[in-house]
Each structure stands twice: as C-alpha cells, then as structure tokens.
Protein chains: 4
Amino acid sequence: MKFKNEKELGFGNKRYQNTVRFLNRDGSVNISRRGLGFENLDLYNWFISSRHSVFYSILLVGYLAVNFIFGSLYYCIGADQFGGIDTSTEFQKFISLFFFSAQTITTLGYGHIYPVGNAASVAAAFESLLGLLAFAIVTGILFGRFSRPRAHLEYSKNLLIAPYGEIKGLMFRISNKKQYELIEAEASVMLSMNDPQSGKRIFLQLPLEISKINFLTLSWTIVHPIDDKSPLYGLSIQDLEKLDMELMILIQAVNDGIAQTVYSRFSYKAHDIVEGAKFRPMKTEPDARGRLQLNVTEVHHFDYVEK
Amino acid sequence: MKFKNEKELGFGNKRYQNTVRFLNRDGSVNISRRGLGFENLDLYNWFISSRHSVFYSILLVGYLAVNFIFGSLYYCIGADQFGGIDTSTEFQKFISLFFFSAQTITTLGYGHIYPVGNAASVAAAFESLLGLLAFAIVTGILFGRFSRPRAHLEYSKNLLIAPYGEIKGLMFRISNKKQYELIEAEASVMLSMNDPQSGKRIFLQLPLEISKINFLTLSWTIVHPIDDKSPLYGLSIQDLEKLDMELMILIQAVNDGIAQTVYSRFSYKAHDIVEGAKFRPMKTEPDARGRLQLNVTEVHHFDYVEK
Amino acid sequence: MKFKNEKELGFGNKRYQNTVRFLNRDGSVNISRRGLGFENLDLYNWFISSRHSVFYSILLVGYLAVNFIFGSLYYCIGADQFGGIDTSTEFQKFISLFFFSAQTITTLGYGHIYPVGNAASVAAAFESLLGLLAFAIVTGILFGRFSRPRAHLEYSKNLLIAPYGEIKGLMFRISNKKQYELIEAEASVMLSMNDPQSGKRIFLQLPLEISKINFLTLSWTIVHPIDDKSPLYGLSIQDLEKLDMELMILIQAVNDGIAQTVYSRFSYKAHDIVEGAKFRPMKTEPDARGRLQLNVTEVHHFDYVEK
Amino acid sequence: MKFKNEKELGFGNKRYQNTVRFLNRDGSVNISRRGLGFENLDLYNWFISSRHSVFYSILLVGYLAVNFIFGSLYYCIGADQFGGIDTSTEFQKFISLFFFSAQTITTLGYGHIYPVGNAASVAAAFESLLGLLAFAIVTGILFGRFSRPRAHLEYSKNLLIAPYGEIKGLMFRISNKKQYELIEAEASVMLSMNDPQSGKRIFLQLPLEISKINFLTLSWTIVHPIDDKSPLYGLSIQDLEKLDMELMILIQAVNDGIAQTVYSRFSYKAHDIVEGAKFRPMKTEPDARGRLQLNVTEVHHFDYVEK
C-alpha cells in the first residue's frame, strides 16, 4: 500500500484504538478537552449552539430560580418593609414578594407592591440592575444563535462506489436544505484508517474530481476517482470495515444571505458504502409560476447499476 | 459549436425545460427547496431579508395578537383577580385586561391596573418574561436587517453588443447606488443556454476583458470579447432567444463602510440585448463645493453607433 | 511619457476637470451619488459613521419631538381621559401629558399619570411599542458604531522625495494611533494626474519597495522607487502641481482585537511633497516598567538631507 | 552569520535596547502608543477585552455613581417636588431620591415615588433616556465581549531543542483549550535578536517544517529545523540569552463554531529553551461512551532524550 497523500492533519499522536470515530455523523468532533477546569468551558459557544428546547428551558428555570432567591431575600428582610403586600398568611407574604421580584427583575414595576425600607430598596435597586444585565446578555446570546453562520447541508445517507469512466469512483451527494444560496463551495475529504503494517492510524487527503464550484444551487456530487494511486484501490468494503475506515468531509461555502463563509462537516464509515450504485438525478420541475421545485430528500436516492 | 469553458457550476442535472429562468432579474435564485418540512424554513434569513412594510406589519399584528391572547387569558382567570379594572360592562373588562396585557408585555407597568390573585400574578410574570424575550429577538433581527452586508448596485437595463477593437464585445455596466465605497470589485459572468445537439442545458463561464478593479467609484463597464473562441461567436439575437440564453452575473466587492465582502447577482435574457450600441459616458460634474456629482440613472444610457 | 502600469481602476470616464480631488484628505471619496431618490440614501451607514456630537444630538432632538407629538395627541384626545393629571392650567395639562409620553415611550410607567379612556389607552399601547422598537434600533446602531471595523492610522503630513539607494524614492509614513495591533498590513498606492498629450486623466498603480508587512507595531515607511520606469521620473514638484497630481493610498490590515480586516484611505496632493528630506526615526524608549513608549505624533517628523 | 530571511516586519527603527521584550508572554504587544491624547484611547476595544471582574466592577460603581449624581440633583430640585417621599429626615429624603433615581434609570418606575413639579419631571425624563442609552451601550459591549473571535490555545511552557532527523529542531506544541474546533490553522514564527556586529536588532521569519494544518483537533508540534541555513545554527542557549533572543509566534485559524478567523500570539525567550528533550505524546483514551478524552495540560510534558 502506498499512502503518498499522507500529511499532517492535526490529529497529533496516531496510536489510537481501532474502533474510535473522530467525527460524529452530525459533523461534531468526538473529543472532550479537559484538564484546565473552568478554562475548558466556553459558555457562549455552548449557549449559541445548544438546542432550542434546552436553551429556553434553562431561561425559564433561571427566571424562576432568581425570583425564588430574591423572593426569599425580601422575605428575610421582612414583608413589613414593603407596601401593598398581601399579609393574610406567611406563605402568601412570600408569594407576594416572589411576584414583586418578578416585577422588579423585568423592570415592569407596577408599583402596587413597592419597597419602603432602605434595605428593601437597596435589594430592589440591585435586582433591577441585575435584570438589565441578564437581559443584555440574553439579547446577545439570542442574536448569536440566530446569526451564527452555518451551512445547512443534506448529505446523502450513503457513500456510493460506481463506475466512473474506465475506473470506479467513490461518491456522495450534498444539497442545500434552506432557501438562501451557497456560492463558491469547496470540498475537502479526508480518509482515516488503520495501517495493518505499522499499527498506526493514517490520515490522508483524498483527491477529488472537482473540489470547488461557483453555485451550489441544486446538488453537488463529490467524486474521488479510485485510480491506482488511490489508497482505496483494490480494497473491498469488508477490508475497509476491518481497517475501521472513516471518511471525514469538510465543506466550505459563502452563504450569500449574510455574505459570510460557512462550514459543514460530515463523516461516513465503511458500513455506509453501497457498491455498484449511482445517484438518481434530482427532479427540478417548475411549478405553475415557473419556479423550479427541488425536493431535497431526493439527495439520498440512488439506483443499482449493472456491473 | 465548441464550449471549452464548460465546467461544473453547481446546477446538477442538466435536463431542464427550455424556458426556465435560473436567476430572477433581481438576482434571487428561482428555486424552491422542499421535502424536509420545518427544516427547509429559515426564519432568521426570511426576517432579515423581508421588505420593511411586511416586517413592521407582522410586528404590529403580532403585538395585537399576543395582547388579545393574554387579554383573553386574564379574562378567563377573572377580572376580579385584578385591581383597578373598569368593570362597567363585560366588554370594558376585557378591554381593560387587553391594555393591562400591553402594559405588561412592554414592561411599562403603570400599575393603575395590577394583578391581585396568584393566578393573575403568575400569568403576568410569564408575560413580562415573554415580552423581554420577544424584544431581545426583535432587537437581534433589526440589527440583522440593518447590518446585512449587501452591494447595492444599479445594473444597466440592457446588454449591449458593440464594436470592441477589431471584434465585437458583449457589455453591461454597473454603478454603486449608495454613498459608501466598494473596493476590490470582482465580476464573474456565466452563460446558460440550450445546446441544440445534445438537448442538454450548458453552463459556461465567460472570459472578461477585466474581471477585477480596485475602486468601483463611478461606473464599471464589464466586457466579454466575442472572439472566435467565444460561445456567442456567430450567433444572432434571434439564435440566442431560441436557445433561451441567460446571462448570470455575480459581483463581489468589499463595502468599506463596514469592511465586509458583499455580493450582488443579476440576470439578463436574450431580449435585453441591444446590438450596435455603446454606453454613453456618465457625467461627473463638480458642484459648487467641488464635490463630483454622479447621476446613477445614467448607467442605463447608450447611443447607437454606426456600423 | 510611458504609463505602463495604467489599468482599469474603476474611475470610469476619464475626462475630468483639472482641479478635481477624488479622495478627500481624510480618505472619504469626493463623490455624491444621485438620481434614485430614497434609493441613494443609506441611513444605517450614515448613522454608524456620523460624529458622536451629531448622533447624540439627533437622538435627543428626536426624543423631544416624539414626546411633543404624542403629548399633543394625548391633549387632543383630552386630558380628562387620563388620571393623575395636573389640570390647573391648559398649559400645565399639556406639560403633564408630555411627561406622560416620556414615561410611556421609555416604558418607565410610574403610573401616577395613567390612561383611563380607551382612546388614551390605545395611543399609549402604541407608543410603548414604538418606544421598544426605537430602542431596539438605537441599540443596533450603537453596536454598529462601536464595533465598526476601522484602521486608525496616522499618516505623515508630508510626502517626501529622498535619496533611495542610487535613485530617489517617494515616501510617506504611517503609524497606528490605537492600542490594538494591526497585523498583515498591505498598502496600495494609486497615482492620478492629467496627461498633457491626451487631455485625459490617467490612473496608475505605483510599484512599492515593500507592499506587505506582518506586524504594524511601530511605524511603516512606504516607498515608491522613482526609477526610469516610474511615471514620476524626471518630473519636478512644479510639474506635478500643474498636472494636478493626486496620490491615493489604500491600506488594508487585520485588527487583531476584533480579528477583522480593516481599511484606511488617504490622499496627498503635489503641495504636500517635500524634496530632499528623510523621516526622522521614531523614538521607542522603554518606561520604568519596561514598556516601550511610542509618540505617534513623531510620524510627521523629518530632517532635510544634504543633496 | 547570514540572515537571509530578514525582511520588513513592521518593527520600524531597529536601534532598541538589548533587554526589551516585544511581545509579552500572553501575546499582548509591549508597546504604549501616546501623543494624541483622546485619539489614542480606544474605549470599545478596552471594554471588550478587559477582565470580567474589572468590567462588572466598573458597571456597578457607575450605577451607584449615576444614582448618587441624579439623587443629588433631585435633592437640589427639592424633595417637595416629588410625591411619596419619606421626609422624616433630610438624609432619608436624599436616600428616597437616590432610590427614585435607580427606579428611573432602569425604567423600573414603581411609581410610589413620582415627580410632581416640572423641573423634577424634566430631570426624570432625561434620566430615563440616559438609562436606555446606557443600557443599549452595555448590551453592545456585552455582545462584543462574548462574540469576540479569539483562539484559546495552550502553548507548551518550553521551547525544546531535540534531534530532528539528521539535524536538530526547535519545537513547541499547542493545543486548543475549548470545545469548539479550530480548522485551517496556520503558524508564523519570527525570531528577534541583537546582531553583535551591527549593534542593530534583527527580525527574521523562521521557516517551519509544516506551517499549515487542516484540523487542530488534538495538538500540533511546530518545528523549525536548525539546518545550516538557520540563524540559530551553531548557537548555544547561552549565546541566545546574550543576544536577548525572542521568538514571536502568530497562530491563525478558523473557529468553526462562529465561522470566523481567529488569532493567537505568544512569545518565548531564551530561558524557556530546554535542550535535548522531546514532547511526550498526549494520551487520547476513549471514555465509556466512546468519546476521546484529551487532557490539555499534557501539552507541556516532555521527556529528556539520550544524546
């Protein structure tokens, strides 16, 4: 086996276990960096990339928790330091102060409950500042979530090995899921597998038929020709499974809605390969108003070819 | 016909109908991507690129709708759970609660109407949080709308075919509509037309006389020389109409007010071509204070030339 | 005269008057684009680049004007539709409603004045929404103002012509005014002057000794060698004044505080040239704590050299 | 000594003192730019890069100071111009007005204290506008702090000189501290030292074994081969200390969480060099869920090698 394209790809020490996956299927890197405590945390990146359900649940729980804390603080200061409190029971006093906290932190301030004593006024003045700061932070994070430059690509479920001119080609297909346009798209494909001779893991950049296109309007089939210089030459799917092959994809393009460069990653394993199949062309029929219709789910469709 | 410049331009399958237009005249891509339901939606991109009238109407209707919903909720909770309500009629009760909702969601909180019961207080605390979040989202979207990097170019209405040295040239002209400056402008011109022999649609990048300039201060006439290597060589306007020719333009430049790369697209069809005409130079007279005056509408002006 | 470096620089038609200046000394382009009415306006760019004094004055005047308008509207609706109004005089009624407007648009809402009638409540609900939107817009513009990527360079007041090896060189010097760092700085220098033979204005890119440096930490002297290929070869300062010479500078660098590419422009005329002088090296003495002190105003200093 | 790679690196005049350090160890440039008064200040850059503790302390102190100023102003206007004031003592009057200021600047507006006289109303209307503007500014700065593109790299504490093939190599190692990914990483290494012959300080770019990698997932050992063309060839650590050697590192990469280019700088001095040692490979064991664990502190570990 010759691995002429092998180069430093940033994976450092290469004595990995056989069955490790470097990229998860969704493109996230399968690595947890530790050892520096708080310095390893990156809260902003976590908040802007967390799922909506998680993010809004945290917001709601945080809102309740802060009001509980300030409600308790006001209760300790004493309900008699406030005007307009419902003092029928101790519990109702706390509830009133909890709602007073909510009205303070949101800077709502109806004023039917209001601080009278100085300690109460100090705590309320501090809470309203805290509310403004928290709100400023949430505004920034929400903007970060919305405006985060991302490529929303649909990758074909399978890697196909199909006749490609005289030889065979390894190919997958991508399509843009969203309505904005991707221009100046560039693909980079890395192969990682175990080398049975050295016992090391090798990382190779695979040459592509075409690695850059101007418009990614409909779909793009990315092809690595399996010629006799290819590290995949002469290997069967079973061989690749044994060698724990992983194909790591990096796509870079300009999202011209926001005029920013966006990135997308994906990873295939040997069990995703289908041999002797070709992608079925995606239909692009114009609708009644002359607008081309593209069904993005067709990016996965392929047909077996006669060998 | 030779199409030596043909290359992968991201338009995928090339068996299109004759009369399809890929780019609309305003540069938007004439494609609707479907099949993934909510995943095809891109609300942020839609909100930052929708027209002002649509965007602010949605805001206003949304504000009314949310207040109607919370007003109704408060009415269900019971007007007696609130202090300061005008209880003269049932309708007036609802109206009061509608306004209470407006005062809560904006965190205005006059306090002449205020929640007394716990259910009312919970709903109001939730509404004020919702208001803050909605406001944070609107702030982000408004900033996204303002700061969206765009090139505001005026394209000449017509494509001209005019004498160009010994041969002819296909040319159009662009000018910047706004007061900021565009620097390092680059043009890329793609030709799409039907190939009568293969029945397929071809996509070609046209070579340009000059494809990059340092300053786009006044105007730029972009010229494709129709030499004997050009795919347009020997074709008449009638031929081009029959072949359903489309010329797709992509301009890239740096807007130096915001120091960001911006993009602009445009599309011409065969019926936009005028043969035997040359662009009239745009006048640039200094005004009383020595400032050059440029009338951007002159970008469209041309004069017929003697053949 | 040979002008071998002449190329399309985006200045379009070249029949200008003799005495026009293309770039103002502060680098702004001396062009006013018209003819499209509102389409020529670019409010966001104007707001983020206007001076602080102008911007904050507009904000204050706008705040007063909006409160005057809404105060008048409330007065038309009738002061009796509001609770808590000082009704001693008609003028005092208007003043109270003016302050009510201010308390509404800022979502302050003390509540000692409050809307009673439905018309008053509708107007107040609308004003508070307007206030939130206006505030969102102001937040976005303020962020745009702060975060606008700019290079803050100090250019030497004079262009020097000094011995440069065997020949002479045209040189100017720049230095960074701020505490952030500029890296990967690139310079581009364009010469514009009248050509006495053709009566046209010519635009040439001047070759530089060094056009890119890695760090712009202290100062950078940018040199155009006046060899026999230079368009300036053999011309005196008087010749250049007659030809209405203008030297247009474009500097590009990465501000590594915000990791963005920033741009700076400047322009010199013939009367800025000093012949037979060399820039005096800028002193960089360490202070008591070992920190190098750089006085940016020294960028202008030069010494006459013996010829 | 030959210094063939010497080139203009933007450090201007080269007659420095022997013992000056250009980059601090944290990568900040050891230069203070002065002479232009306010023009040398860059408040936004300072605010977004200051430490959390400093930034939030300034916010809190500013909040107290503004309330003290407005409280004093209201006190001068007269406590009788306000409703709801605790007038038991003069001090208590001031305290009430201080809290009224806090309720106004945050647009909280409970309304149990409220302005009655016109002067009081004017001051309160102005304070609430000021509060909104200040809040808008703080929102922008907080977003600037969060979203500032930075590379969070851990650099090995030491520079190693180790056998490298037939010759020796100068090497250091970096690793990403955070969970986001860095792609397309590029390194640039500059050497600065005194030249005993000329008495000047020289600045050289050192050639690297590999200067660009695709993924910086685990670690990257950056190597300068000390061949006979290297300016370090034949110099001992003692020589380098005498020559006041400084190695300045600039790393550039794309943070693909935010799809932006980020920069990191670092600096080594001669006393950081360890001779005859090699970096110990960093362990990357998968945890129970198959996720690779990387301890970033291992980036510093090295082992002495037999010579």
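Student: What makes strand E11 (residues 246-255) of chain D and E12(D) a pair of strands?

Tutor: Two strands pair if DSSP finds at least two bridges between them; E11(D) and E12(D) have 10 bridges in the antiparallel sense, so they satisfy that rule. One of the partnerships sets Gln252(D) against Tyr263(D) in E12(D). The strands themselves are DSSP runs (E, at least two residues; helices are H or I, at least four), numbered from the N terminus. This is a predicted model, in which local features need pLDDT of at least 70 and side-chain atom pairs count only at pLDDT 80 or more, whereas totals for chains, interfaces and linings use all residues. Residues are numbered from 1 along each chain as its sequence is written, and chains are lettered from A and ligands numbered from 1 in the order in which they are written.

Student: What lies between the strands in the hairpin of E11(D) and E12(D)?

Tutor: Four residues separate E11(D) from E12(D), and Ala259(D) takes a positive phi near 55° in this hairpin.

Student: Why is strand E12 (residues 260-269) of chain D called mostly covered?

Tutor: A residue is buried if 20 or more other C-beta atoms, placed from the backbone, lie within 10 Å of its own (exposed if 12 or fewer, partly exposed in between); seven of the 10 residues of E12(D) are buried.

Student: What makes E16(A) a strand with alternating side chains?

Tutor: In a regular strand the side chains alternate between the two faces of the sheet. In E16(A), Leu292(A) and Leu294(A) point to one face and are buried, while Gln293(A) and Asn295(A) point to the other and are not buried.

Student: How do you know that E15(A) and E16(A) are partners, and in which sense do they run?

Tutor: Three bridges join E15(A) to E16(A), and the two run antiparallel, with Thr284(A) standing opposite Leu294(A). E15(A) and E16(A) form a hairpin with five residues between them, where Gly290(A) in the turn has a positive phi of about 85°.

Student: Which strand of chain B is joined to E16(A), and in what sense?

Tutor: Four bridges join E16(A) to strand E1 (residues 31-34) of chain B, and the two strands run parallel. In E1(B), Ile31(B) is the bridge partner of Leu292(A), and Arg33(B) is the bridge partner of Leu294(A).

Student: How many residues does each chain bring to the contact of chain A with chain B?

Tutor: Chain A brings 52 residues and chain B brings 50 residues, where a contact means that two C-beta atoms, placed from the backbone, lie within 7 Å. On the side of chain A that touches chain B, the elements giving two or more residues include helix H3 (90-105), helix H4 (118-147) and strand E16 (292-295) of chain A. H4(A) gives the most to that side, with seven residues. By class, that side has 28 nonpolar, 19 polar and five charged residues, where Ala, Val, Leu, Ile, Met, Phe, Trp, Tyr, Cys and Pro count as nonpolar, Asp, Glu, Lys and Arg as charged, and the others, Gly among them, as polar.

Student: What does the contact of chain D with chain A take from each chain?

Tutor: That contact takes 52 residues from chain D and 50 residues from chain A. Over four bridges, strand E1 (residues 31-34) of chain A and E16(D) pair in the parallel sense, and Arg34(A) stands opposite Asn295(D).

Student: Why do the copies meet through different surfaces?

Tutor: Only 10% of the interface residues of chain D are also interface residues in chain A, so the copies use different surfaces to meet.

Student: Which turn lays chain D on chain A?

Tutor: A turn of 90° with a shift of 0.0 Å along the axis lays chain D on chain A with an RMSD of 0.0 Å. That is the relation of a four-fold axis; the copies are superposed by least squares on the C-alpha atoms of residues with pLDDT of at least 70 in both.

Student: What is the radius of gyration of chain A, set against a compact globule of 307 residues?

Tutor: Chain A has 29 Å, whereas a compact globule of 307 residues would be near 19 Å, by the rule of 2.2 Å times the number of residues to the power 0.38, with the radius taken over C-alpha atoms. Along the principal axes, the C-alpha atoms of chain A fill a box of roughly 90 × 60 × 30 Å. Chain A has five helices and 17 strands, and buried residues make up 46% of its 307 residues.
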